[in-house]
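Please examine the structure shown here alongside the explanation that accompanies it.

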Amino acid sequence: MIEVPDSEILPLSLEHGFWTWSAQAKVSPIPVKSAKGVYFWDVDGKRYLDLNSMVMCANIGHGDERVIAAIVEQAHELPFAGPPMATRPRAALGKLLAQITPGDLDRFLFTLGGADANENAIKLARGYTGRHKILARYRSYHGASAGAMAATGDPRRVAWEPNLMPGVVHFLDPYRYRSTFHRANPELSEEEFTADYLNHLEEIITYEGPETVAAILLETVTGTNGVIIPPKGYLAGVRSLCDRYGILLICDEVMSGFGRTGRWFAVDHWDVVPDLMTMAKGLTSGYAPLGAVAMRAKIAEFFNEHAYQSGLTYNAHPISLAAAVANIQVLQQDHLVEHSAEMGPVLHQMLTNLGEQHPSVGEVRSIGLFGAIELVRDRKTKEPMAPYNGSSVEMIALRKYLLDHGVYLYTHWHTILIIPPLIITPEQLKDGFAVLDKALEITDSAAR
Ligand SMILES: Cc1ncc(COP(=O)(O)O)c(C=O)c1O
């Protein structure tokens, strides 16, 4: 190993590293040295409370020795085997996943992360149905490869348009706080609200021609675009539209899976079984790169006689699979899905309290340990604290305050996301909220 003293980690990384989603001259990475539980430390020994699970993925927390041991053991036994091989971790992970995924989702195609899981889900849907269009929502992120980016509805796709995968049509999310359809009648019932958004979707299916639509792809609970939780009846309604028109339902559980919402998968809250379900992040809690597409029996059976024309050198990489097996066992042994469910009301209460105390909080939303705060300049007009796809001096100052005070979390435009490791205790969450409480004075001063 090349000797790199702590003092050289940042300058060498800056000199030779190329940073994603960033202008290179503007990055300021934290030179992270170690991580344990809900914390990580930089090279100067400064501790950060990780309220973003690093990249919304460290569900079991950092530095769990059981997963580290499984990776080491697998590296000794068989660090790599090509995609056509059957291996012990492949056998074990398939068996485990089939136990925890809903319905008859019991065949799994392994990828390296979330974007390529979605790419493959789209190919499977197109292959199975013989149709080509994919309907996806505007407030969504599905990954940064060409197909996943085309499906992404948020502005991260725009820089690469029009040269992305063709055939994607976007529709609106049932996003009550900023609902286009309901500005004049915000008090309507949840049932009516759901019905309006299902009508909107059905209209788009009709206009596009149902016989051209392969799949509807959606994040079960929207992640970076603001933890948007589907209203009652919405997912079941999308499921029945899919059934009516022979369209497949693909649920992207890359962020919402593996206990994040208090159930193994977010779809479990609404008892909906998608035809294809994509996962990554919490599948290994980030200990090794891995994604997967779960498919229902009927889709797997179709490909019994039709060759699936796609692949990856690192499909089913044994080290990643071993990490996933150990990670799922940790989630099970330590009852972390149950803990996430128990912490759900704790987080929700803390968010509600913040909302009551700070005029810049427009709305809070959460499910399990998946939370968001919308910051506004004016509660009446809901003018966001930063424009859509933009930032503001207040949001920059807020983030700086949090980092200066050892709290790491993700801010997205005018929202703050709270997505901590599932092992977090009420006390640790309270520590983070105490800092957040002070930080919100910055945005409060800009609120009318
Ligand atoms: C919902 C969702 N889908 C897909 C992805 C893409 O995953 P990856 O970055 O592993 O390609 C992400 C990443 O943040 C995500 O949040």
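The paragraphs that follow treat the surroundings of the ligand and then one strand with its partners.

This is a predicted model, in which local features need pLDDT of at least 70 and side-chain atom pairs count only at pLDDT 80 or more, while totals for chains, interfaces and linings use all residues. Residues are numbered from 1 along each chain as its sequence is written, and side-chain values use heavy atoms, with hydrogens and water left out.

The shell around the ligand, meaning residues with a heavy atom within 4 Å of it, includes Gly 113, Asn 118, His 142 and Glu 219. By class, the shell divides into 4 nonpolar, 5 polar and 3 charged residues; Ala, Val, Leu, Ile, Met, Phe, Trp, Tyr, Cys and Pro count as nonpolar, Asp, Glu, Lys and Arg as charged, and the others, Gly among them, as polar. Its largest share, 3 residues, comes from helix 5 (residues 114-129), where a helix is a DSSP run (H or I) of at least four residues and a strand one (E) of at least two, numbered from the N terminus.

A polar side-chain atom of Asp 252 lies 2.7 Å from a nitrogen atom of the ligand, and an N or O atom in the side chain of Lys 281 is 3.0 Å from a ligand oxygen atom.

Strand 10 (residues 291-296) is largely enclosed by the rest of the structure, because 5 of its 6 residues are buried, that is, under 20% relative accessible area with a 1.4 Å probe and protein chains only. Strand 10 pairs in the antiparallel sense with strand 4 (residues 105-111) over 6 bridges; pairing requires at least two bridges found by DSSP. In this pairing, Phe 110 stands opposite Ala 292 of strand 10.

Terms used:
A polar contact is a pair of N or O atoms within 3.5 Å; within protein, one must be able to donate a hydrogen and the other to accept it, and residues adjacent in sequence count only if both atoms are side-chain atoms. Buried means under 20% relative accessible area, exposed over 50%, partly exposed in between (1.4 Å probe, protein chains only).
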